[in-house]
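Reader: I have a model open and should like to go through its packing with you. Could we begin with the contacts between its helices?

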Amino acid sequence: MTITPIEDLEKEVEDIEAYLSTLPPEDANLAIERGNELSVYIARTGKMLADARFYQDKALSESIVYNLGKQAGCPASVLKQLVEASCQRENLLVNTIERLNRAATHQLDWLRTVVSMAKEEMRNSNGISQK
């Protein structure tokens, strides 16, 4: 399994964030198209999250080894905070990718509603014209 380089993950986060920051369409056909794109982004951010957690775990592990040697006799709670604080980049990446994954999922849910409304409107207009 290939782990995406952390710099590439950070760049991809920017691209996905820009896409998700645009207003979703209200037109049913455009909503379906965007829904297809969001499905891909949901899958991709899932893989990105796994990769980011790999880097987070690696940074935590390195920080534990470093801080255990440097902070001998330090209370465990303080050591834990030192370790977490030393992984800022990785923590930010994980948190951002989790947020993007949730945002894509929520947008996909909203687009389903748009498509359902369009179907209902079409069904109602066909039903009225058939009477």
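Author: Certainly; please note that this is a predicted model. On the side of helix 1, the residues in contact are Ile6, Leu9, Glu12, Val13, Ile16, Tyr19 and Leu20. They meet Arg34, Glu37, Leu38, Tyr41, Arg44, Thr45, Met48, Asp51, Ala52 and Tyr55 in helix 2.

Reader: At what angle do helix 1 and helix 2 pack, and how far apart are their axes?

Author: The angle is about 150°, and the axes of helix 1 and helix 2 are 11 Å apart. Angles over 145 degrees count as roughly antiparallel, and helix 1 and helix 2 are therefore roughly antiparallel to each other.

Reader: Is the crossing of helix 1 and helix 2 left-handed or right-handed?

Author: Helix 1 and helix 2 cross in a left-handed manner.

Reader: Now the aromatics. How many aromatic pairs are there?

Author: The count is two aromatic pairs. In one of them, the ring centres of Tyr19 and Tyr41 lie 4.8 Å apart with the planes at 40°, so this pair is tilted.

Reader: Which parts of the chain does that pair link?

Author: Distant ones: Tyr19 belongs to helix 1 (residues 6–20) and Tyr41 to helix 2 (residues 28–70), with their positions 22 residues apart in the numbering.

Reader: Are Tyr19 and Tyr41 buried or exposed?

Author: Tyr19 counts as buried because its relative accessibility is 17%, and buried means under 20%. Tyr41 has 25% relative accessibility and counts as partly exposed.

Reader: And the pair formed by Phe54 and Tyr55, what is its geometry?

Author: The ring centres of Phe54 and Tyr55 are 5.3 Å apart and the planes stand at 75°, so the pair is edge-to-face. Phe54 is partly exposed, at a relative accessible area of 39%, whereas Tyr55 counts as buried at 16% relative accessibility.

Reader: Back to Tyr19. What sits over its ring?

Author: The charged end of Arg34 does, at 4.3 Å from the centre of the Tyr19 ring. Arg34 and Tyr19 are also both among the residues through which helix 1 and helix 2 meet.

Reader: Where does Thr4 lie, and what does it touch?

Author: Thr4 is in the segment before helix 1. Leaving aside residues up to four places away in sequence, Thr4 touches Leu9, Arg44, Asp51 and Tyr55.

Reader: Is Thr4 buried or exposed?

Author: Thr4 counts as buried, with 13% relative accessibility.

Reader: How far is Thr4 from Met48?

Author: In space, Thr4 and Met48 are 7.5 Å apart, C-alpha to C-alpha, while in sequence they are 44 residues apart.

Reader: Let us turn to the other helix packing. At what angle do helix 2 and helix 3 pack?

Author: Helix 2 packs against helix 3 (residues 76–85) at about 135°, and their axes are 9 Å apart. That angle makes helix 2 oblique to helix 3. The crossing of helix 2 and helix 3 is right-handed.

Reader: Which residues make the contact?

Author: Helix 2 provides Leu60, Ser63, Ile64, Asn67 and Leu68, and helix 3 provides Leu79, Leu82, Val83 and Glu84.

Reader: How far apart are Leu82 and Ile64?

Author: Their C-alpha atoms are 8.7 Å apart in space, and Leu82 and Ile64 are 18 residues apart in sequence. Leu82, in helix 3, is partly exposed, with a relative accessible area of 32%.

Key: Residues are numbered from 1 along each chain as its sequence is written. This is a predicted model: local features need pLDDT of at least 70, side-chain atom pairs count only at pLDDT 80 or more; totals for chains, interfaces and linings use all residues. Side-chain values use heavy atoms; hydrogens and water are left out. Rings of Phe, Tyr and Trp (its six-membered ring) pair if their centres lie within 6.5 Å; planes under 30 degrees apart count as stacked, over 60 as edge-to-face and the rest as tilted. Helices (H or I, at least four residues) and strands (E, at least two) are DSSP runs, numbered from the N terminus. Buried means under 20% relative accessible area, exposed over 50%, partly exposed in between (1.4 Å probe, protein chains only). A charge sits over a ring if NZ of Lys or CZ of Arg is within 6 Å of the ring centre and within 35 degrees of the ring normal. Axes are lines fitted to C-alpha atoms, for helices over the stretch in contact, and angles run from 0 to 180 degrees between N-to-C directions. Angles under 35 degrees count as roughly parallel, over 145 as roughly antiparallel, 65 to 115 as roughly perpendicular and the rest as oblique. A crossing is left-handed if the near helix is turned anticlockwise from the far one by less than a right angle, and right-handed if clockwise. Contact means heavy atoms within 4.5 Å.
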